[in-house]
Amino acid sequence: NKNGLTISQRANNNMHVEASSFSGYSDREPLAFGNNNKICISMRMRFDCRIFGIDGSLRARYTVLNEVVIDRGSSPYLASLECFCDDVHLTTVQADGIIFATPTGSTAYSMAAGGSVVHPAVPAIMVTPICPHVLSFRSMVFPDHVVLRCYVPSDARSTACVHFDGKHRTELSRGDSVQIEMSPHPVPTINRVDHSADWLSSLKSNFNFNTRVRQKKISTTSVSD
């Protein structure tokens, strides 16, 4: 486009935008974004989430940027959930709950619950249990094209609750289910430098990622003494 912007796809969920023409642009010092007159845009993955009743009717639908949490709510009992991946039984959840997170949401509740930290350009879905009552249930990572589904079985001791980005709290009765899949509408975000530099800088500044006092060099003098 001679009078607009040139967009070039660089990698998964990452692209560069640069001006095709600088005519009419202000001579003022530009903001410190991008490199070499290019701005990097990351396409942040989102979830398309649906709640179905026991009769298969659609109760609600939400778009989620960070995570979907299904937990036991105010019940004193463990949450009991049956989870499926592409209609194949994945596992029976007996825990305080389970988290389904996008790469963006991997540094939020999922990370606090022991899940992996995932680069925002990785097309993946994280599944992280919350305080599972078994030693072998660990966080898992699935490709973004799968469809995940959880339902409350008929023999569950109590109902469950589902939250979408911490909002829209909904009670799940026995037989109700939640379906989670990648949304076809990601969120474009502008990076200050690029998607890796911004993400790593954020990890270090917000979480003091892997920060410790550097190990000192061994003194040959003290060793010989």
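Tutor: Let's begin with a definition: a residue is buried under 20% relative accessible area, exposed over 50%, and partly exposed in between. Tyr-151, at 27% relative accessibility, therefore counts as partly exposed. Keep in mind that this is a predicted model.

Student: Okay. What share of the 225 residues counts as buried, then?

Tutor: In the protein chain, 39% of the residues count as buried.

Student: And how many helices and strands does the protein chain have?

Tutor: There are three helices and 15 strands. As for how the chain folds back on itself, take contacts between residues at least 6 apart in sequence: 60% of them join residues at least 24 apart.

Student: How do I read strand pairing? Which strand does β4 join through six bridges?

Tutor: You look for the bridges and for the direction of the two strands. Strand β4 (residues 47–52) is joined to β14 by six bridges, and the two run antiparallel. For one of the bridges, start at Phe-47: the partner in β14 is Met-182.

Student: How many bridges pair β11 with β14?

Tutor: Four, again in the antiparallel sense, with β11 covering residues 148–151. Here you can look at Cys-150, whose bridge partner in β14 is Val-178.

Student: What comes after β14? Where is Ser-183 found?

Tutor: Ser-183 sits in the loop between β14 (177–182) and β15 (187–190).

Student: Is Ser-183 buried or exposed?

Tutor: Buried, because its relative accessibility is 6% and the cut-off for buried is under 20%. Setting aside residues up to four places away in sequence, Ser-183 touches Arg-46, Phe-47, Asp-48 and Thr-63. You've met Phe-47 already, as the bridge partner of Met-182.

Student: Now for aromatic rings. How do I read a pair of them?

Tutor: A pair of aromatic rings is described by the distance of the centres and the angle of the planes. A search of the whole structure finds two such pairs. Tyr-62 and Phe-164 make a tilted one, at 4.7 Å centre to centre with 35° between the planes.

Student: Why does that pair tie together parts far along the sequence?

Tutor: Tyr-62 belongs to strand β5 (residues 58–64) and Phe-164 to strand β12 (residues 160–164), so the parts they tie together are 102 residues apart in sequence. Tyr-62 is partly exposed, with a relative accessible area of 21%, whereas Phe-164 is buried, at 2%.

Student: What about the rings of Phe-84 and Tyr-151: why do they count as stacked?

Tutor: Their centres are 6.1 Å apart and their planes meet at 20°, so the pair is stacked; the cut-off for stacked is under 30 degrees. This pair links distant parts of the chain too, with Phe-84 in strand β7 (residues 79–85) and Tyr-151 in strand β11, 67 residues apart. Phe-84 is buried, with a relative accessible area of 15%.

Student: Can we follow one buried residue through? Where is Val-93 placed?

Tutor: Val-93 is in strand β8 (residues 88–101). Its relative accessible area is 0%, so it is buried. Leaving aside neighbours within four places in sequence, Val-93 is in contact with Ala-79, Ser-80, Leu-81, Cys-83, Ile-98 and Phe-137. You can also compare backbone positions: the C-alpha atoms of Val-93 and Leu-78 are separated by 9.0 Å, with their places 15 residues apart along the chain.

Student: Which backbone angles should I look at in the loops?

Tutor: Try phi. Asp-86, in the loop between β7 and β8, has a positive phi near 50° and is a residue other than glycine. Asp-86 is partly exposed, with a relative accessible area of 40%. Asn-210 has a positive phi of about 50° although it is not a glycine. You'll find Asn-210 in the loop between α2 and α3 (220–224), and it is exposed, with a relative accessible area of 70%.

Student: Last topic: how do I find pockets?

Tutor: Rolling a probe the size of a water molecule over the atoms shows where empty space is left. In this model, the second largest pocket holds about 190 Å³ of space.

Student: Which helix gives the most to the lining of that second largest pocket?

Tutor: Helix α2 (residues 195–207), with six residues. The lining residues include Arg-44, Thr-104, Asp-198, Trp-199 and Phe-207. By class, the lining has three nonpolar, five polar and two charged residues.

Terms used. Residues are numbered from 1 along each chain as its sequence is written. This is a predicted model: local features need pLDDT of at least 70, side-chain atom pairs count only at pLDDT 80 or more; totals for chains, interfaces and linings use all residues. Side-chain values use heavy atoms; hydrogens and water are left out. Buried means under 20% relative accessible area, exposed over 50%, partly exposed in between (1.4 Å probe, protein chains only). Contact means heavy atoms within 4.5 Å. On a 1 Å grid over the protein atoms alone, a cavity is a set of points where a 1.4 Å probe fits but cannot get out, and a pocket is an open set with protein on both sides within 12 Å along at least five of seven lines; lining residues have an atom within 4 Å of a point. Grid points are joined across faces, edges and corners, and a volume is the space filled by probe spheres set on the points. Ala, Val, Leu, Ile, Met, Phe, Trp, Tyr, Cys and Pro count as nonpolar, Asp, Glu, Lys and Arg as charged, and the others, Gly among them, as polar. Two strands pair if DSSP finds at least two bridges between them. Rings of Phe, Tyr and Trp (its six-membered ring) pair if their centres lie within 6.5 Å; planes under 30 degrees apart count as stacked, over 60 as edge-to-face and the rest as tilted.
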